[in-house]
Amino acid sequence: MHEQTDVQQTEQAARTVPAGALVGIVGAGTMGVGVAQCFAAAGHPVVVVDNDPGALASAPARLRAGIRTAALLGRRAGAPAAAGPPAPRTESLVSWSADLAALAPALLVVECAREDEDTKKEILRELDRICGPETIFASNTSCIPVSHLGSFTGRPDRVIGTHFMNPAPLKAAVEVIRAPETSDLTLARTEGFLARAGKHALVVRDAPGFVTNRVLMLTLNEAAAVLGEGTADAETVDRIFQDCFGHPMGPLRTADLIGLDTIADSLEVLRRHTGEDRFRPTPLLARLVAEGRVGRKAGRGFHIYAPQQPAARKGTDRG
């Protein structure tokens, strides 16, 4: 018997998701808006919830900017390979709310809150109370073990990790984290939602930091250490990774894109869950975060950036 091709597997996964199923997003920051764009572009109605009025106020403009960027790059974010012409009215499929109760009818809720366990615990417990028993809770956590997050709910079998990369609309892969408690149906439906959004799932086992951030956060932290020790300036550090290793951008520009505050939070989560002090943020990284130089969204981090559209305030989102 022949193995299924990637296309066949993607089509099969997509068929597990009802057409027009509502997707909920918690957090209207960088990642929340980006993930909302992915699902809306695939034709799903999306409700984005955030408790920060500033984040909600700026979110529609940031969504429009993301849609324009995807169009300029010749890629409609969220379109499966065989989907045909782009789904119309992507922007009109996204609605905004300050009330988590708006997510009650969602079949999938993607939690994009900042990388703080207490924040995620509060959100997941409230969602568990509000949403129906069929709803899947997918966390965009970058480091916290999914099994730990599932313990905050009465449905650990319907909790899964969906670690989108930034910028979400332009990245084809999603790191999907399956905890020991995650059911086969939850995994299949999550892969189906992602397939409809033109993403392919790379499934890994649950562990602190998973694959991406278990490796990446150490790399970014060490790059900050090298810079702090004066071994090379920021431009040279990044050029070495670009010119010698073929990376599209170096570790320090990558850190600025992610957000230095997010990196510091992630490192602390890794240190707490592994007990390994090597994940402690370097002095330079900690100082920049304390000074508000948190990267591209602030205009300054390891590098300096031209002014952009105002970023969302922290709110519930980790962007």
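**Exercise 1. Work out what share of the chain's contacts with a separation of 6 or more comes from residues 24 or more positions apart.**

Solution. Take the contacts in the chain with a separation of 6 or more, then pick out the pairs 24 or more positions apart: they account for 73%. Keep in mind that we're working with a predicted model here. For the wider picture, the chain has eleven helices and eight strands. Buried residues make up 50% of its 319 residues. As for the surface, the accessible area comes to about 14,200 Å², and carbon and sulfur atoms own 55% of that.

**Exercise 2. Describe how helices α7 and α10 pack, from geometry to residues.**

Solution. Start with the general recipe: two packed helices are described by the angle between their axes and the distance between the axes.

- Step 1: find the helices. α7 covers residues 212-228 and α10 covers residues 260-274.
- Step 2: get the geometry. The angle is about 120°, and the axes lie 10 Å apart.
- Step 3: classify it. Angles from 65 to 115 degrees count as roughly perpendicular and those over 145 as roughly antiparallel, so α7 and α10 end up oblique to each other.
- Step 4: add the hand. The crossing of α7 and α10 is left-handed.
- Step 5: list who touches. α7 brings Asn213, Arg214, Met217, Leu220 and Asn221, while α10 brings Ile263, Ser266, Leu267, Leu270 and Thr274.
- Step 6: sort these residues. The α7 and α10 contact has five nonpolar, four polar and one charged.

**Exercise 3. Now do the same for α2 and α3.**

Solution. Same drill, new pair.

- Step 1: α2 runs over residues 30-41 and α3 over residues 53-72.
- Step 2: they pack at about 55°, with axes 10 Å apart.
- Step 3: an angle under 35 degrees would be roughly parallel, and 65 to 115 roughly perpendicular, so α2 and α3 are oblique.
- Step 4: the crossing of α2 and α3 is right-handed.
- Step 5: Thr30, Val33 and Gln37 of α2 meet Ala59, Arg62, Leu63, Gly66, Ile67 and Ala70 of α3.
- Step 6: that contact between α2 and α3 splits into five nonpolar, three polar and one charged.

**Exercise 4. Place Tyr305 and decide: is it buried or exposed?**

Solution. First, locate Tyr305: it sits in the segment after α11 (283-290). Next, check its relative accessible area, which is 11%. The cut-off for buried is under 20%, so Tyr305 counts as buried. Then look at what Tyr305 touches: leaving out residues up to four places away in sequence, that's Arg253, Asp256, Gly295, Arg296, Gly299 and Arg300. Finally, pick Asp256, 49 residues from Tyr305 along the chain: the C-alpha atoms of the two are separated by 9.7 Å.

Note on methods. Residues numbered from 1 in each chain as written. Predicted model: local features only at pLDDT ≥ 70, side-chain atom pairs only at ≥ 80, totals over all residues. Heavy atoms only, no water. Axes fitted to C-alpha atoms, helices over the stretch in contact; angles between N-to-C directions. Helix = DSSP H or I, 4+ residues; strand = E, 2+ residues; numbered from the N terminus. Left-handed = near helix turned anticlockwise from the far one by under 90°. Contact = heavy atoms within 4.5 Å. Nonpolar A, V, L, I, M, F, W, Y, C, P; charged D, E, K, R; others polar. Buried < 20%, exposed > 50% of the residue type's maximum accessible area, 1.4 Å probe, protein only. Areas by Shrake-Rupley, 256 points an atom, 1.4 Å probe, with all protein chains shown as cover.
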